[in-house]
Amino acid sequence: MATDPYAVLGVSRGASEKDVKSAYRKLAKELHPDRNKDNPKASERFSEVTRAYDLLSDKDKRAQFDRGEIDVDGNPTMGFGGGFGGGGGAGHRGFGGGGGGFGAEGIDLGDILGGMFGGRAGGAGGAGGGFGGGRGRAAPRGANVQYRLGVPLPDAATLASQRITLSDGKTIDLKLPAGLEEGTQMRLSGKGDHGPGGAGDAIVTIRIEPHPFFKRDGDNIRLDLPITLDEAVNGAKVKVPTVEGAVMLTVAPGSSSGRTLRLKGRGFTRKDGSRGDQLVTIEIALPEGDEDLARRLEGWRDSRPLRAKLGV
């Protein structure tokens, strides 16, 4: 087993911090225990790679190693301070086995891995032979698992529970949060992949599915409602669909196309638990080819100057 941290990571002694980090990323991804559950040698190699990175990512320790003052485990070499046992050195963390955790100078290896393996590991327990008494690395958690969930618009507005099947085959009922938006992410703790240090999380990204006649407008919902000419002229009570079922709406006599009526509390649920409204826009639908209607209107003209305000 190689003991030179440069050789372990496959970089030259003059490698930049960026090159060291890049080499570690590549090897950690390849050797991570979650991807090599039946390969103990890969796990050992992962620990070795992590030890090497811990050393080379710390500028001071790297310089000490390059000068021959400490070995790969961070122990003083003979002739430099006489060496230390496994007892309490001053503030130095051991380079114990296992993956994940915090790197040198407080660098979070979970961040370095870019979330590839889900979560971060802290914890106690340094390695023997180092300066003892510092932080070691806990076993890594399993990877987070990403899901995309399409939610019907009426369910999104009313926060109806959604059933989702996880990667392990288990089905759960997901409670939607108030203030739901397109792209809202929900974190289900411990519902990701299993790992030596526990399960990762499930990250559910919400997509609100388009609806054939409901349209979202902020916290409100818009609906175009066709009515007949006689309903517009004489007024009527008409049935209107909402996200919670049909309700009766009063159309006043003489209503024109484009008039908007408001149904209170029939929109999306806000973060404070209140609801937006449903805005119903009337559209008068004239019959096509209705000879009876044409006969009734024969000789009648509406003389109002409706287009005067347009300057024509």
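## A tour of the predicted model

Of the 312 residues of this protein, 40% count as buried. The model is a predicted one, with eight helices and eleven strands. Among contacts with a separation of 6 or more, 55% join residues 24 or more positions apart.

**Confidence.** Colour the chain by pLDDT before going further. The mean for the protein is 79, and 80% of the residues reach 70 or more. Now select residues 80-135, where the pLDDT is below 50. In the model this stretch has 142 contacts beyond near neighbours in sequence.

**The cores.** Select Val204, Ile206, Val240 and Leu249. These are the residues with the most contacts inside the largest nonpolar core, which has 36 residues. Centre the view on Val240 and show what touches it, leaving out residues up to four places away in sequence: Leu223, Leu225, Gly245, Ala246, Val247, Leu249, Leu263, Gln278 and Val280. A second core, separate from this one, has 21 residues. To find that second core, select Val8, Leu9, Leu31 and Ala42, which are among its members.

**Aromatic pairs.** The whole structure contains three aromatic pairs. For one of them, select Tyr24 and Tyr53. The ring centres are 4.4 Å apart and the planes stand at 15 degrees; under 30 degrees counts as stacked, so this pair is stacked. Tyr24 belongs to helix 2 (residues 17-31) and Tyr53 to helix 3 (residues 40-56), so the pair links parts of the chain that are 29 residues apart. Both Tyr24 and Tyr53 are buried.

**Helix 4.** Move on to residues 59-66, which form helix 4. Show the side chains of Lys61, Arg62 and Phe65, which are buried. These three cover an arc of only 100 degrees around the axis, which puts them on the same side of the helix. Their cover includes helix 1 (5-9), helix 2 and helix 3. Turn to the face away from the buried side of helix 4 to see Lys59 and Asp60, which are exposed.

**Leu159.** Next, select Leu159, in the loop between helix 6 (153-158) and strand 2 (162-165). What is notable about the backbone here? Most residues other than glycine have a negative phi. Leu159 is not a glycine, yet its phi is positive, at about 60 degrees. Buried means under 20% relative accessible area; Leu159 has 19%, so it counts as buried.

**Two loop glycines.** Is Gly267 buried or exposed? Gly267 has 0% relative accessibility and therefore counts as buried. Its place is the loop between strand 10 (260-263) and strand 11 (278-284). Display its contacts, setting aside neighbours within four places in sequence: Ala157, Asp219, Ile221, Arg275, Gly276, Asp277 and Gln278. Draw a C-alpha to C-alpha distance from Gly267 to Arg222: the two are 8.7 Å apart in space and 45 residues apart in sequence.

Then select Gly218, in the loop between strand 6 (215-217) and strand 7 (220-227). Gly218 has a relative accessible area of 48% and is partly exposed. From Gly218 to Asp277 the C-alpha to C-alpha distance is 10.0 Å, with their positions 59 residues apart in sequence.

**Last stop.** Select Arg216 and Phe268. Arg216 lies over the face of Phe268, 3.7 Å from the ring centre.

Terms used: Residues are numbered from 1 along each chain as its sequence is written. Side-chain values use heavy atoms; hydrogens and water are left out. A nonpolar core is a set of buried Ala, Val, Leu, Ile, Met, Phe, Trp, Tyr and Cys residues joined through side-chain atoms within 4.5 Å. Buried means under 20% relative accessible area, exposed over 50%, partly exposed in between (1.4 Å probe, protein chains only). Contact means heavy atoms within 4.5 Å. Rings of Phe, Tyr and Trp (its six-membered ring) pair if their centres lie within 6.5 Å; planes under 30 degrees apart count as stacked, over 60 as edge-to-face and the rest as tilted. Helices (H or I, at least four residues) and strands (E, at least two) are DSSP runs, numbered from the N terminus. A charge sits over a ring if NZ of Lys or CZ of Arg is within 6 Å of the ring centre and within 35 degrees of the ring normal. pLDDT is the predictor's confidence in each residue, from 0 to 100. The arc is that of the directions from the helix axis to the C-beta atoms.
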